[in-house]
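User: Could you take a close look at one part of this model for me, down to individual side chains? Tell me as well how far the prediction can be trusted.

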Amino acid sequence: MEPQESQDAPDGLEEQRAFICASFNQDTTSLSVGTKTGYRLFSVTAVDKLDCIHEGECPDVYIVERLFSSSLVVVVSLSMPRRMNVYHFKKGTEICNYSYSNDILSVRLNRQRLVVCLEESVYIHNIKDMKLLKTLLNTPTNLTGLCALSVNHSNSYLAYPGSATIGEITVYDANNLSTLTLIQAHDSPLAALAFNSSGSKLASASEKGTVIRVFSVPEGQRLFEFRRGMKRYVSISSLSFSADAQFLCASSNTETVHIFKLEQHSPSQDEESPTWSAYMGKMFSAASTYLPSQVSDMMHQDRAFATVRLNMFGLKNICALATIQKLPRLLVASSDGCLYIYNVDPQDGGECVLVQKHRLFESGEEQVEEKEEEDPEDGSPPPTSQSYAATVALPSTPPSSTTLMGTVYLS
């Protein structure tokens, strides 16, 4: 199937196309993009159509996070990097704003908590009334604001670096405001973190970018280990689980996006199907007991189940796995100003096929009202705290994908 491409953006939009950040919402039904001139929210619930839900004017937006498919959006601008603004974009009102002691590096939210991460502190708010519940001071230096918040608000697990020098993860219960566990994940400092949709699994990658690990939460037990590559270190820009937590995708500054399959290999399966690969697997497993631990670990690491070869190298991007129009897809939003949609074969994997390329900035684009907008139906008045809390508490639409816990700065 030949990929389709939307019309080229006309001249004069280079300024708008200068991305600063991009992020998917918690169930990957929309894409948020921050630019030098403002921010845009796009619906990504169809393959051949990309609707612009809302466009806001604000200079140099470097954080924009939407709460599921509601009208609530959090925006932070380079002009005021210590202030967080919370908007009800459909009503065109500001709900509230908060200022902090230092620059805001990242914001994460679910229907229970809103988390603001600074370089050496973390602020946890009750999202229904924005009351500050807890301040975690003197956290290890976190220059990128790396953190992940589970979208399942019944647990609201928060993960952030427990060390600035090694890959230690602190897992914190943002509902009960207590530390759950510390996970020794990597030898090198952390580069990426992501929860699955239920909050029962946590994926991590280090600054080396060669190995991706998955741990159980809250126990912290290592469940899977995947090798992204061996020849070179890379910068992992995003990790994302599928909705059923059967797959995990990883994007980086290379031309390849990797999709890993989370499956346990039982010995009984090898005995029932005595194939050549199963035989060789047993031989390697037996031999690994006599080898150094580093070599043995490498032999037990799974490789990518499916891959995508991007037509770009060195550009920053984020990826997400979604079910769109009943089929599994891989979404890649790139700093070249495009959203790429690929088909994924959940049975055989292999090379994924590009089916659609959308340019995110076009002329004459109409703002389309989103069908699944979750505003109250009773016509209740805006910008009171009660209206805000009611909107936050609304149930989300059934997830068509999983979360991508990571805003990536694309400038």
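Analyst: Mean pLDDT (the predictor's confidence in each residue, from 0 to 100) is 82 for this predicted protein, and 73% of the residues score at least 70. Local features need pLDDT of at least 70 and side-chain atom pairs count only at 80 or more, while totals for chains, interfaces and linings use all residues. Residues are numbered from 1 along each chain as its sequence is written, and side-chain values use heavy atoms, with hydrogens and water left out.

Let's zoom in on Asn 97, which sits in strand β9, residues 93-99 (strands are DSSP E runs of at least two residues, numbered from the N terminus). Asn 97 counts as partly exposed because its relative accessibility is 33%; that class runs between buried, under 20%, and exposed, over 50%, using a 1.4 Å probe and protein chains only. Leaving out residues up to four places away in sequence, Asn 97 touches Arg 83, Met 84 and Asn 85, where contact means heavy atoms within 4.5 Å. Arg 83 is 14 residues away from Asn 97 in sequence, with 6.7 Å between their C-alphas. Within its own strand, the Asn 97 side chain makes a polar contact with the side chain of Glu 94 at 3.0 Å (N or O atoms within 3.5 Å, one able to donate a hydrogen and the other to accept it; sequence neighbours count only if both atoms are side-chain atoms).

As for trust, pLDDT stays under 50 over residues 267-273 and again over 293-300. Where pLDDT is low, the predicted coordinates should not be read in detail.

Definitions and conventions
Helix = DSSP H or I, 4+ residues; strand = E, 2+ residues; numbered from the N terminus.
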